[in-house]
Amino acid sequence: DLYSGLDAEGKMPVRITQQLKLRDRAALDDFLASGFRTGDGSPAFHTGPLKILTDGSMGGRTALLREEYADMPGELGVAIYEAEELNDLVNAAHGAGMQIAMHAIGDGALEMCLNALEGAHTANPADDARHYIVHCQTGDMDQYQRMARLGVGAAIQPIFAPSDRLMAIKRLGKKRAGEAYAWRTLMDLGIFMSAGSDSPVETLDPFAGIHAAVTRQDEAGEPAGGWNPDQRLSVKEAVGLYTEGGAYASFEERRKGALAPGMLADLAVPDRDIFSVLPDEIPGTRSLLTMMGGRFTHREI
């Protein structure tokens with residue numbers, strides 16, 4: 001109500017796609033009975049996907065793995081749902097036409113998500129559901145190829161690659177960690193992707209994320225050459241994840257995500273050309289001018 005009221009008054013300074021964390025089938029059914037579905041609302045504020053948390057975090061050893069933690073034998077992490085409960089929730093949302101965003105950090109959680117999504121598609125085929133995995137930090141090629149076949153996307157946080165590096169190697173061991181945070185692999189498989197910050201866990205600054213995606217290093221330049229450098233992205237690819245990728249993930253590619261005739265005039269003017277400077281000059285970039293719908297929301301020039 002607050003956001004819709006601000007939108008009606010023309011006072012929204014940002015655009016919001018509202019994810020819905022409806023914990024169980026009863027909460028989902030109550031919401032669906034209201035009549036709202038993904039996409040309802042305005043360009044400034046609209047209903048987004050059902051958000052489902054399926055496991056915890058790598059740092060806390062609650063991300064669900066298929067094989068035990070390297071630094072805690074016998075520990076696999078935590079599954080928030082039993083498979084039957086998760087399958088039922090996903091099938092109900094998918095069948096009702098809701099997009100689904102599933103938090104999955106461990107490869108065990110990713111497997112549960114893919115099983116649930118495949119079952120939902122089998123029961124109710126949909127050509128353009130655009131369900132996606134939030135984080136998608138661990139997995140293997142078989143799982144990534146399965147994502148591609150199912151049309152399941154990934155909402156990644158590039159900054160996690162350098163910030164999680166030492167912890168991930170400790171938790172997963174060198175071999176499994178080498179298959180994690182596999183942004184290049186996901187992109188090469190044609191999986192649709194968007195990028196974000198996971199703020200306040202990490203900085204909201206998109207330029208820090210772009211730098212991390214391009215270099216696989218922290219801002220101090222560590223490690224030399226980048227962590228798993230074969231997973232690096234180009235600046236153009238990284239910027240695309242924050243613009244076109246985000247628009248596509250929210251079914252808005254026809255109205256935002258690019259500077260083109262007929263699109264919403266949402267834009268930022270940075271203080272340097274990040275496509276031409278050295279990658280280590282990208283951090284610290286700031287916006288000198290920001291517009292939303294052709295209206296200034298920030299201006300230094």
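**Helix H3 and the nonpolar core**

Of the 67 residues in the largest nonpolar core (buried Ala, Val, Leu, Ile, Met, Phe, Trp, Tyr and Cys residues joined through side-chain atoms within 4.5 Å), those touching the most other members are Ile52, Val90, Met102, Ile133, Met147 and Leu186. Helix H4 gives the most to this core, with eight residues. This is a predicted model, in which local features need pLDDT of at least 70 and side-chain atom pairs count only at pLDDT 80 or more, while totals for chains, interfaces and linings use all residues. Residues are numbered from 1 along each chain as its sequence is written, and side-chain values use heavy atoms, with hydrogens and water left out.

**Helix H3 itself**
- Helices here are DSSP runs of H or I with at least four residues, and strands are runs of E with at least two, numbered from the N terminus.
- Buried residues of H3 (buried means under 20% relative accessible area, with a 1.4 Å probe and protein chains only) are Leu86, Leu89, Val90, Ala92, Ala93 and His94.
- The cover over the buried residues of H3 includes helix H2 (25–33), strand S2 (45–53), strand S3 (100–104) and helix H4 (107–123).

**H3 against H4**
- The axes of H3 and H4 (lines fitted to C-alpha atoms over the stretch in contact, with angles from 0 to 180 degrees between N-to-C directions) come within 9 Å and cross at roughly 45 degrees.
- Contact means heavy atoms within 4.5 Å, and the H3 residues that meet H4 include Ala83, Leu86 and Val90, while those of H4 that meet H3 include Met112, Ala116 and Ala120.

Terms used. Buried < 20%, exposed > 50% of the residue type's maximum accessible area, 1.4 Å probe, protein only.
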